[in-house]
Amino acid sequence: MNILVFMGSARSSTPPRPARLGERVTQAIINCLHCYNDIQVTLVDPLDYPLEPVFKPHFAYAQSQVPDKLDALAAQIRAADGYVMVSPEYNHSMSPALCHLLNHFGSSLFSFKPSAIATYSAGQWGGARAAVGMRTFLGELGCLPVSAMIHVPHAQSLLSEDGGFNDSEQQEHWQGYFSRTLNQLLWWAGAARAQQIVQPSDAISKAFTRSPAQRNAPGA
């Protein structure tokens, strides 16, 4: 099983501290995924993908002109069985860095595969309000989010730099909490992967290849 974990933070400055709190949360999730058998986990960090100042999605480039890193990420997205989207909360919504990166790719790369939502904050709410909009966003992208979610409040106190839990007495509880969401993700990813063999999704839902007007109802 191949899982991509998207870190939704590109901020590297302070204050507040630590500069990249999302690294701790993302690493904690990756650590938990490594506890499963036969799982390949790949981190997608927006800082590794410098994007053009003028927005141009992957599918808008001529094939010979696609930036190499963007093309490589598109191939990873297509090959993945599921996704974990990790985001802080900005004005009650998802990270602009995560939204911007994901908007570079068409839904045909993500479709018919599941996703999991994980949010965090330095405060008490754990970014939960961002998750509300993320459900709609990911549903439109085609990778439907599972029902369970991960919310991590006070992440700077809970987690160490390597994604470990600072309070050993709470570690089992937190790992169980993470696993509830990840168990759902992996179950659905396995089910979708098996169904692709029985009935390939591109046979029943063709990707849009010309324009957004292909979404329109007849005569619209």
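The questions and answers below concern a predicted model of one protein. Residues are numbered from 1 along each chain as its sequence is written, and side-chain values use heavy atoms, with hydrogens and water left out. In this predicted model, local features need pLDDT of at least 70 and side-chain atom pairs count only at pLDDT 80 or more, while totals for chains, interfaces and linings use all residues.

Q: How many helices and strands does the protein have?
A: Helices (H or I, at least four residues) and strands (E, at least two) are DSSP runs, numbered from the N terminus. Read from the N terminus on, the elements follow the order β-α-β-α-β-α-α-β-α-β-α-α. The protein therefore has seven helices and five strands.

Q: Which radius of gyration does the protein have?
A: The radius of gyration is taken over C-alpha atoms, and the globule rule is 2.2 Å times the number of residues to the power 0.38. For 220 residues, a compact globule would have a radius near 17 Å. The value for the protein agrees with this and is 18 Å.

Q: In which order do the five strands form the open sheet?
A: Two strands pair if DSSP finds at least two bridges between them. The pairing in this sheet is parallel. β2 (40–44) and β5 (150–152) stand at the edges with a single partner strand each, so one side of each has no neighbour in the sheet. The order is β2-β1-β3-β4-β5.

Q: Which residue of β3 is the bridge partner of Phe 6?
A: Strand β1 (residues 2–7) runs parallel to strand β3 (residues 82–87), and five bridges join them. One of the bridge partners in β3 is Val 86, which is matched with Met 7. For Phe 6, the partner in β3 is Met 85.

Q: Which residue in β4 stands opposite Met 85?
A: β3 also pairs with β4 in the parallel sense, over five bridges. Opposite Met 85, in β4, stands Ile 117.

Q: How many of the residues of β3 are buried?
A: Buried means under 20% relative accessible area, exposed over 50%, and partly exposed in between (1.4 Å probe, protein chains only). In a regular strand the side chains alternate between the two faces of the sheet. Here Gly 82, Val 84 and Val 86 point one way from β3, Tyr 83, Met 85 and Ser 87 point the other way, and all are buried. The strand is mostly covered, and its buried residues number six of six.

Q: Which strands does helix α5 (residues 128–141) touch?
A: Contact means heavy atoms within 4.5 Å. Axes are lines fitted to C-alpha atoms, for helices over the stretch in contact, and angles run from 0 to 180 degrees between N-to-C directions. Helix α2 (residues 68–79) lies across β1, β2 and β3 and runs at about 130° to β1. Helix α5 packs on the sheet at about 155° to the direction of β4 (115–120), and the strands that it touches are β3, β4 and β5.

Q: Which element gives the most to the largest nonpolar core?
A: A nonpolar core is a set of buried Ala, Val, Leu, Ile, Met, Phe, Trp, Tyr and Cys residues joined through side-chain atoms within 4.5 Å. The largest one has 28 residues, and those with the most contacts inside it are Ile 29, Val 84, Val 152 and Phe 178. Several elements, including β1, β3 and α7 (168–198), each supply at least two of its residues. With seven residues, the element that gives the most is α1.

Q: Why do Cys 99 and Cys 143 not form a bond, and how many disulfides are there?
A: A disulfide is a pair of cysteine sulfur atoms within 2.5 Å. The sulfur of Cys 99 has its closest cysteine sulfur in Cys 143, and because the distance is 13 Å, they are too far apart for a bond. By this rule, the count of disulfides is zero.

Q: Is Asn 91 buried or exposed?
A: Most residues other than glycine have a negative phi. Asn 91 is not a glycine, yet its phi is positive, at about 50°. This residue lies in the loop between β3 and α3 (96–102). With a relative accessible area of 76%, Asn 91 is exposed.
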